[in-house]
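The exercises below are meant to be worked with the sequence and the coordinates open side by side. Try each task before reading its solution.

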Amino acid sequence: MRRLEELRADGVLSAGHVRTVARSAGVSERTVWRWLSPPAARTTRQPRTGYVLSETDREAFAFYRGNTAALHRARQAVLSGDGTTAGASVPVFLAEGWTGARPVTLRTLQRAFAAELTPAERAAWRTGESGRRAAAVYLRRPEAPRGRCWEMDHKQLPLLVLPPKGAALAP
């Protein structure tokens, strides 16, 4: 890279030079050109801040039984000033909670509910307690180094072991 910068300073840098370096480094030519750009010209992408669910969003999720699309339609109706969705008015407690909220897309709401609620919570609002139980069958274990935690079957194997001395026993 230092040699390419010297060639650029002398005014003799060509696309062939960049192509050769890109091939030898195993990167694209565009990457080499980006490496050659001055640091001030490089733009760093800022991480996207995710949408955080409000208490009203959570109440609406329960009210609409886990239907994010219906929740989004009601939210849009309140924000547009209409207040009705599918011919019915949006409940007052939801309309009051969403006044002044920023509009978000359906996909943003879906992503927020997936991030902030567990699968068991989402299933509980959709189908009730049976859905919650079906989605929360397994216990979560804390992460531990490999080999730290072992699980064994509680059944006795149908094998007999003959120790060097004594009677046969089942492990």
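The following exercises concern a predicted model, and each is followed by a solution in steps.

**Exercise 1. Determine how the axes of α5 and α7 are placed relative to each other, and list the residues through which the two helices meet.**

Solution. Two packed helices are described by the angle between their axes and the distance between the axes. Begin with the axes themselves: those of α5, residues 68-80, and α7, residues 106-116, come within 10 Å and cross at roughly 125 degrees. An angle between 115 and 145 degrees is neither roughly perpendicular nor roughly antiparallel, and α5 and α7 are therefore oblique to each other. The handedness comes next, and the crossing of α5 and α7 is right-handed. Finally, inspect the contact, where α5 contributes Thr 68, Ala 69, Leu 71, His 72 and Arg 75, while α7 contributes Leu 106, Leu 109, Gln 110 and Phe 113. Sorted by character, the residues of this contact comprise 5 nonpolar, 3 polar and 1 charged.

**Exercise 2. Carry out the corresponding analysis for α4 and α5, and classify the residues of their contact as nonpolar, polar or charged.**

Solution. The axes of α4, which spans residues 55-63, and α5 come within 9 Å and cross at roughly 125 degrees. With the cut-offs for the angle applied, α4 and α5 are therefore oblique to each other, and their crossing is right-handed. On the side of α4 the contact is made by Asp 57, Ala 60 and Phe 61, which meet Thr 68, Leu 71 and Arg 75 of α5. The residues of this contact divide into 3 nonpolar, 1 polar and 2 charged.

**Exercise 3. Identify the buried residues of α7 and of α3, and decide how they are distributed around each helix axis.**

Solution. Take α7 to begin with, where the residues under 20% relative accessible area are Thr 108, Leu 109, Ala 112 and Phe 113. Because these residues cover an arc of only 130 degrees around the axis, they lie on the same side of α7. Their packing partners are α4, α5 and α8, the last of these covering 119-127.

Turning to α3, the buried residues are Thr 31, Val 32 and Leu 36. Viewed down the axis of α3, the buried residues fall within an arc of 140 degrees, so they line one face of the helix. The cover over the buried residues of α3 includes α1, residues 2-10, and α2.

**Exercise 4. Examine the backbone of Arg 65 and Ala 86, and establish whether each residue is buried or exposed.**

Solution. The background to this task is that most residues other than glycine have a negative phi. Arg 65, in the loop between α4 and α5, has a phi near 50 degrees, a positive value in a residue other than glycine. Its relative accessible area is 55%, and since the cut-off for exposed is over 50%, Arg 65 is exposed. Ala 86 belongs to the loop between β1, residues 84-85, and β2, residues 88-89, and its phi, near 55 degrees, is likewise a positive value in a residue other than glycine. At 84% relative accessibility, Ala 86 also counts as exposed.

**Exercise 5. Locate Gly 26, and find how many Å separate its C-alpha atom from that of Ala 144.**

Solution. Gly 26 is found in the loop between α2, residues 15-25, and α3, residues 29-36. Its relative accessibility is 64%, so Gly 26 counts as exposed. Along the chain Gly 26 and Ala 144 are 118 residues apart, and their C-alpha atoms are separated by 37 Å.

Note on methods
Residues numbered from 1 in each chain as written. Predicted model: local features only at pLDDT ≥ 70, side-chain atom pairs only at ≥ 80, totals over all residues. Heavy atoms only, no water. Axes fitted to C-alpha atoms, helices over the stretch in contact; angles between N-to-C directions. Helix = DSSP H or I, 4+ residues; strand = E, 2+ residues; numbered from the N terminus. Parallel < 35°, antiparallel > 145°, perpendicular 65-115°, else oblique. Left-handed = near helix turned anticlockwise from the far one by under 90°. Contact = heavy atoms within 4.5 Å. Nonpolar A, V, L, I, M, F, W, Y, C, P; charged D, E, K, R; others polar. Buried < 20%, exposed > 50% of the residue type's maximum accessible area, 1.4 Å probe, protein only. Arc of directions from axis to C-beta.
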